[in-house]
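User: I've got this chain open and want to go through its fold with you. Can we take it step by step?

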Amino acid sequence: MGRHRGSGHFLLYAFDLLEVIYREAWEHALPGKAEQPTLRETYTSREELEVALPGLIVGRNLFGVDIDPRAAQIAGLSLWLRAQRCWNEADVAPSDRPQVRRTGIVVAEPMPGDQELIDEFADQLDPPLLGSLFRQIASSLNLAGEMGVLLRAETELAGTISAARDQFVVESTRPRRLPGFADAVPGKLDLSGIDDEAFFVEASDRVLQALHDYSVRAAGSGGARRRLFADDAAHGFAFLEILRHRYDVILMNPPFGSGSILAKRVFEKAYPMTKNDVYAAFVERGIEMLVERGTLGALTSRTGFFLSSFQAFREEVLLDRAPPLIFADLGQGVLDDAMVEVAAYVLERSK
Ligand SMILES: C[S@@+](CC[C@H](N)C(=O)[O-])C[C@H]1O[C@@H](n2cnc3c(N)ncnc32)[C@H](O)[C@@H]1O
């Protein structure tokens, strides 16, 4: 959309705000989460805080998804440049700046479609249940490129992950029957208490490590194909992680119109209340991805607030799940070249 399309503007504003929040939290020695050290305890001097600050914001607080790889690259680069500006302003010498290794910006893309490589890789995963989990994840991400964040892969996989966890617990307490388990799972770990979340973190760590090893081993003919496969599969995992998270704040300026989604049939089935315009579906999905009392800020077409075709959106999505806190009816001329009357609003997810 015009020159602003996908460049991560909201993330840059969020960066400005988080910078202030971190400094204030440090200044006033505010308590952090229970049992975790405060910022003041972790970074004993202001200089130490300034060295760490951009990496904390970019690596832990900000996330973004786009189906367009160029948009994701530009957003990643904007954040990287913003981090450098933060260090410049705090006079942190380039040699003292930690490398920004990862950002939370992810391209929504499917796992590689090469069934032969999926099978080859999945078959060598140990324990074998990781192989079947990997296959199911790959298939649940099939439409990632078309549906983007509208894909509810985390819900689709919830049952699979739970079943794999149960199997994992049973098998790992019988190490002699299943050779290989004893090494993979340190005996001291009490696996009976492992929840789905902890299991998934453990499982994805192992799959990612296996993908890395697979890529390193890939040599000779077919080597490039395997390395590409490993790379794409790792991106698929990163996208799934974004979908599995629940967020305090979600900001969006989604696409709009009835025809702007490619997987139309799947989309309409998944969003019966909001299928008349994709932006409403983005709002519905955004609300799902919030924590309780989390807030969603959206800049969208204003039609949803008065057209009769949006009645379900108003009654069952907005009023039921996340009533508006603030609403600004902005009208024409807000989004560069887009011919659309716009509203900006903030919703709060109900308990
Ligand atoms: C209007 S632009 C948003 C620009 C952004 N607010 C900014 O300031 O840079 C809409 C963006 O949504 C992306 N998009 C469209 N469908 C998507 C989907 N299903 N999942 C994720 N991103 C999507 C488009 O590629 C585009 O970059």
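User: What radius of gyration does the chain have, and what would a compact globule of 351 residues have?

Analyst: Keep in mind that this is a predicted model. A compact globule with 351 residues would come out near 20 Å, and the chain agrees with that. Along its principal axes, the C-alpha trace spans about 65 × 55 × 45 Å. The radius of gyration of the chain is 22 Å, against a globule value near 20 Å.

User: How many helices and strands are there in the chain, and how far apart are the C-alpha centres of domain 1 and domain 3?

Analyst: The chain holds 14 helices and six strands. The domain assignment splits it into domain 1 (2-107), domain 2 (115-244) and domain 3 (247-348). As for domain 1 and domain 3, their C-alpha centres are 28 Å apart.

User: Which helix gives the most to the largest nonpolar core?

Analyst: Nonpolar side chains in soluble globular proteins tend to be buried together. Here the largest nonpolar core has 73 residues, and those with the most contacts inside it include Leu-79, Phe-134 and Val-283. With seven residues, the top contributor to this core is helix 13 (residues 278-288).

User: Which residues does Phe-134 touch, not counting residues up to four places away in sequence?

Analyst: Phe-134 is one of the residues with the most contacts inside the largest nonpolar core. Once residues up to four places away in sequence are set aside, Phe-134 touches Ala-122, Leu-125 and Val-207.

User: Is Ala-203 buried or exposed, and which residues is it in contact with beyond four places in sequence?

Analyst: Ala-203 sits in helix 10 (residues 196-217). It has 21 C-beta neighbours inside 10 Å, and the cut-off for buried is 20 or more, so Ala-203 counts as buried. Its C-alpha atom is 7.0 Å from that of Leu-130, although 73 residues separate the two along the chain. Beyond its neighbours within four places in sequence, the contacts of Ala-203 are Leu-130 and Leu-133.

User: Now the open sheet of four strands: what is its order, and which strands stand at the edges?

Analyst: The sheet is open, with mixed pairing and the order 3-4-6-5. Its twist averages 5° from one strand to the next. Two of its strands have a single partner strand each, so one side of each is left without a neighbour in the sheet. Those edge strands are strand 3 (247-252) and strand 5 (324-331).

User: How many bridges join strand 5 to strand 6, and what is the bridge partner of Ala-328?

Analyst: Strand 5 and strand 6 (residues 342-348) run antiparallel, with six bridges joining them. Ile-326 has Val-346 of strand 6 as its bridge partner. For Ala-328, the partner in strand 6 is Ala-344.

User: What angle does helix 13 make with strand 4, and how many residues of strand 5 are buried?

Analyst: Helix 13 packs on the sheet and touches strand 3, strand 4 (290-301) and strand 6. Its direction and that of strand 4 make an angle of about 165°. Strand 5 lies largely in the open, because of its eight residues the number buried is zero.

User: Last one: where is Leu-262, and is it buried, partly exposed or exposed?

Analyst: Leu-262 is placed in the loop between strand 3 and helix 12 (264-270). Its C-alpha atom is separated by 9.4 Å from that of Leu-143, 119 residues away along the chain. Since 13 other C-beta atoms lie within 10 Å, Leu-262 is partly exposed.

Terms used
Residues numbered from 1 in each chain as written. Predicted model: local features only at pLDDT ≥ 70, side-chain atom pairs only at ≥ 80, totals over all residues. Rg over C-alpha atoms; globule rule 2.2 N^0.38 Å. Domains from an automatic or database assignment. Core = buried A, V, L, I, M, F, W, Y, C linked by C-beta atoms within 7 Å. Buried ≥ 20, exposed ≤ 12 C-beta atoms within 10 Å, placed from the backbone. Contact = placed C-beta atoms within 7 Å. Pairing = 2+ DSSP bridges. Axes fitted to C-alpha atoms, helices over the stretch in contact; angles between N-to-C directions.
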